[in-house]
Structure formats: structure tokens, C-alpha cells
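Reader: I should like to examine how the helices of this model pack and where particular side chains sit. Please set out the reasoning for each point.

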Amino acid sequence: MNLVVGDIFKRVGQVFTKSITDAELVIKWFNNHSVPLSIFQQEQMQHLGVILCLILPVITRWTTHYQAISRMVTLQRVFYSVITFKREALMACFENCDRHTLMDTLEQLEHPKFWPDLIQYASSLMSVILDPF
């Protein structure tokens with residue numbers, strides 16, 4: 001099943017590859033930085049009343065790609081809140097040398113095609129996972 005899904009999305013093109021790569025970078029960045037992750041988790045508690053983990057997809061398991069992307073889509077409003085209202089708190093966490101990766105992460109989250117592509121990707125994966133043949 002995982003090989004079939006992988007073959008399907010390799011043929012679809014670069015849209016999904018770029019979407020998943022960008023999402024992975026955002027997930028890795030938050031998971032690897034404890035203070036921004038804490039800020040993100042506080043926003044989750046405020047908006048959702050629960051803290052949800054960011055799931056890092058595993059290359060050989062396409063269901064983890066779906067889980068990771070659908071979790072990102074679920075947390076879209078929280079990401080928006082963090083980059084809009086907590087930007088200064090995020091900037092204060094880093095010295096000049098680490099701000100480059102922070103700015104790259106924020107640019108990905110603010111890119112106009114980032115969220116629509118993720119939503120389309122999640123929808124496409126869901127249809128393949130639920131009805132593979």
C-alpha cells in the first residue's frame with residue numbers, strides 16, 4: 001500500500017513534494033526548539049483547550065504523511081495566532097545566528113500557497129488511504 005501511494009504522488013508532480021518538504025521543515029523546527037514549542041503549546045491550550053503533538057512523517061509510511069499534514073491543518077489557526085501575535089516572543093528567543101531559520105519557518109507558514117496546498121494534499125491522501133482501489 002505504501003509503495004502504491006508513493007508511486008501515485010511521485011507522478012502527480014512537485015506540488016505535493018514541496019508541500020510536504022515545507023511542512024516537515026516547520027514541524028522539525030518547532031519540535032527542535034523548546035521555547036518556540038512552548039509558545040506554540042500555550043497557544044494551543046488557549047485556542048483548543050488541548051495540546052496536540054506535531055507529527056513528523058516517516059518516508060516509508062504514507063499514513064504518517066497524512067497524519068502529519070492533517071495535524072498541521074487542524075492546527076492552522078494556532079499557527080496563524082503564533083506568527084501574528086507571538087512573533088516578537090519568537091524573535092526574542094534567538095540571537096542573530098538562529099534568526100535565519102526562524103525567518104525561513106515564518107515565511108513558509110505565511111506563504112499564500114502553503115495552507116491551500118497542505119489542505120489539498122491531505123484531501124488527496126485521505127481519498128487514497130480510504131479507497132485505495
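**Helix packing and two buried residues**

Author: In this predicted model, the axes of helix α3 (residues 34–48) and helix α5 (residues 76–85) come within 9 Å and cross at roughly 125°.

Reader: Is the arrangement of α3 relative to α5 parallel, antiparallel, perpendicular or oblique?

Author: The axes of the two helices cross at roughly 125°. Angles of 65 to 115 degrees count as roughly perpendicular and those over 145 as roughly antiparallel. The angle of α3 to α5 is therefore classed as oblique.

Reader: Which residue classes make up the contact of α3 with α5, and how many residues belong to each?

Author: From α3, the residues F40, E43, Q44, H47 and L48 meet R77, V78, F79, S81 and V82 of α5. By class, this contact comprises 2 charged, 3 polar and 5 nonpolar residues.

Reader: Which backbone nitrogen lies 2.6 Å from a polar atom of the Q44 side chain?

Author: Q44 belongs to helix α3 and counts as buried because its relative accessibility is 0%. Beyond four places in sequence, Q44 touches G49, V50, I51, L52, L75 and V78. The backbone nitrogen at 2.6 Å from a polar atom of its side chain is that of L52.

Reader: What distance separates the C-alpha atoms of I83 and E107?

Author: I83 lies in helix α5 and, with 7% relative accessibility, counts as buried because the cut-off is under 20%. Apart from neighbours within four places in sequence, I83 is in contact with L106, L109 and E110. I83 and E107 are 24 residues apart along the chain, and their C-alpha atoms are separated by 9.6 Å.

Methods. Residues numbered from 1 in each chain as written. Predicted model: local features only at pLDDT ≥ 70, side-chain atom pairs only at ≥ 80, totals over all residues. Heavy atoms only, no water. Axes fitted to C-alpha atoms, helices over the stretch in contact; angles between N-to-C directions. Helix = DSSP H or I, 4+ residues; strand = E, 2+ residues; numbered from the N terminus. Parallel < 35°, antiparallel > 145°, perpendicular 65-115°, else oblique. Contact = heavy atoms within 4.5 Å. Nonpolar A, V, L, I, M, F, W, Y, C, P; charged D, E, K, R; others polar. Buried < 20%, exposed > 50% of the residue type's maximum accessible area, 1.4 Å probe, protein only. Polar contact = N/O pair within 3.5 Å; in protein donor to acceptor, adjacent residues only side chain to side chain.
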